[in-house]
Structures are given as C-alpha cells and as structure tokens.
Amino acid sequence: MASTKIYDYIERIAELQRADSRRCTAEFGLQPVQLEVLHYLSICNQFSNTAKALTEYLGQTKGTVSQTLKILENKGYLSKITDLKDGRIIHLQVTDSAHQVLQKVIPSPLFNSAFKGLTEQKNAQIESSLRELLQALMGSSNMKTFGVCHTCRYNTHLGGSEYYCELLKVPLQQSSEQLICIEHQSPS
Ligand code: SF4
C-alpha cells in the first residue's frame, strides 16, 4: 500500500530530525521539546501564545507543558506578559536570547545541508506534497489545524495592507499574516 511506504518515510525523517535536534539543542542546554515550545511561540500569533494553545498544539498534558514553561522562563528564554484587556490571560513571549538560539538551530543543520542540494523547483514540490499530506491528516482528525492566518476562511483583505478577522472581530496586522493561529479554519 502506498500509504505504508509514505508512513515509513515520514517515520524515518522524524527520527533523523529528532536525533539532529537533540544534538544541536544540547549545546544550549535545551531538550528537543523545549525547542519545540520556543519554535511554536516564535511562529504563532497573539491569540495563540498561551499555555492552553501550546498544550493543544503539542498534544501534551497541562502539567508537562507547565513544567517546560517554568524551565524555559528560568533559563531566560521565555517571559510572561499579562493581557492588557483581560488580566486572566497570560501571553508567552520568546526572549531575544531564545530568538538567537532558534536562528541557529531551525531548520537544523542536517536539514539545511540536505536542502542545499535540491533545486528550488524540487523544494517547492516537496513543500506542496507535505502541505497536502498535512491537510489530509488534519481532515481525518478532530485536531485544530493551526494553519497560517492568510489561509484562514475568516481572514478578509480590506485592501492595501489592511486585513480583518471575521471570527474574532479585530483588525489584523500585515506582519501576522504568516503566523499560525489556534482559531484557524481552512476554507471549505
Ligand atoms: S483570520 Fe483566522 S487565523 Fe487569522 S486571526 Fe482570525 S481566526 Fe486566526
């Protein structure tokens, strides 16, 4: 079956990626899951940078995520900011030192060197196939898509650099168009 072969490839790629991630995060005293947390927080929008959204994204328990956040805060990679409108909401923000680490290890050195050998066309083909696979997986599960804002059905372009979220009823900044969102929904 074709899907078995695809599964084998994905599994092997994931193993290689995990091993490479372990190697490069050790240099900064980080565990791969801690790097995943920092990476997520660096690519999500302001509606998704909470412990709750992170827990859903990683599919881990609340306790595990809270422990990871505590460690990252103690290491100076994360800061907590109370929402200006609702004091019950705490936003998680990656610090400058975390951004510096992310720049060095994402994508990991192994992936960087592998992709260097591929043409732009091949890169685009792989990206498109993986996006289709991810969409198919999301379509078969009840999990949130965590897609990029500009691909969301609620994103309305008002013209020029102005965008509006029809779900949350707020204007969107152009800079957040490429960020992922917990409320994202694919166009039907
Ligand atoms: S348009 Fe969609 S992805 Fe963007 S902020 Fe609104 S709900 Fe989130």
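**Leu78.** I started by looking up what Leu78 touches in this predicted model. Skipping its neighbours within four places in sequence, I found Leu78 in contact with Leu69, Leu72, Glu73, Leu92, Val94, Thr95 and Ala98.

**The core around it.** Next I checked the largest nonpolar core, which has 25 residues. Leu78 turned up again here: along with Leu38 and Cys181, it touches the most other members. Which elements supply at least two residues each? I noted helix H2 (32-43), helix H3 (51-58), helix H4 (62-74), strand S2 (90-94) and helix H5 (96-105). H2 gives the most, with four residues. A reminder to myself: in soluble globular proteins, nonpolar side chains tend to be buried together.

**Helix H3.** I then went through H3 for buried residues and listed Ala53, Leu54 and Tyr57. Why do they end up on the same side of H3? They cover an arc of only 100° around the axis, and that puts them there. I jotted down the background too: an α-helix has 3.6 residues a turn, so residues three or four places apart point the same way. As for what covers the buried residues of H3, I found H2 and H4 among the elements doing so. Just after H3 comes Gly59, and its phi is positive, near 70°.

**The sheet.** On to the strands. I found an open sheet of three strands, ordered S3-S4-S5, with antiparallel pairing. Which strands sit at the edges? They are strand S3 (155-159) and strand S5 (170-172), each pairing on one side only. From one strand to the next, the twist averages 35°. Looking at S3 and strand S4 (residues 162-165), I saw that four bridges join them and that they run antiparallel. I picked out one residue to follow across: Asn155 has Cys165 in S4 as its bridge partner. For the general picture, strands of a sheet pair through backbone hydrogen bonds, either parallel or antiparallel.

**Stepping back.** Last, I looked at the whole protein chain. I have seven helices and five strands in my tally, and from the N terminus on they run α-α-α-α-β-β-α-α-α-β-β-β. The radius of gyration is 18 Å, close to the 16 Å that the globule rule gives for 188 residues, so the protein chain is as compact as a globular protein of that length. Along the principal axes, its C-alpha atoms fill a box of roughly 50 × 40 × 30 Å. Buried residues make up 19% of the 188 residues. I also checked the contacts with a separation of 6 or more: 57% of them are between residues 24 or more positions apart.

Conventions
Residues are numbered from 1 along each chain as its sequence is written. This is a predicted model: local features need pLDDT of at least 70, side-chain atom pairs count only at pLDDT 80 or more; totals for chains, interfaces and linings use all residues. A nonpolar core is a set of buried Ala, Val, Leu, Ile, Met, Phe, Trp, Tyr and Cys residues joined through C-beta atoms within 7 Å. A residue is buried if 20 or more other C-beta atoms lie within 10 Å of its own, exposed if 12 or fewer, and partly exposed in between; C-beta atoms are placed from the backbone. Two residues are in contact if their C-beta atoms, placed from the backbone, lie within 7 Å. Two strands pair if DSSP finds at least two bridges between them. Axes are lines fitted to C-alpha atoms, for helices over the stretch in contact, and angles run from 0 to 180 degrees between N-to-C directions. The arc is that of the directions from the helix axis to the C-beta atoms. The radius of gyration is taken over C-alpha atoms; the globule rule is 2.2 Å times the number of residues to the power 0.38.
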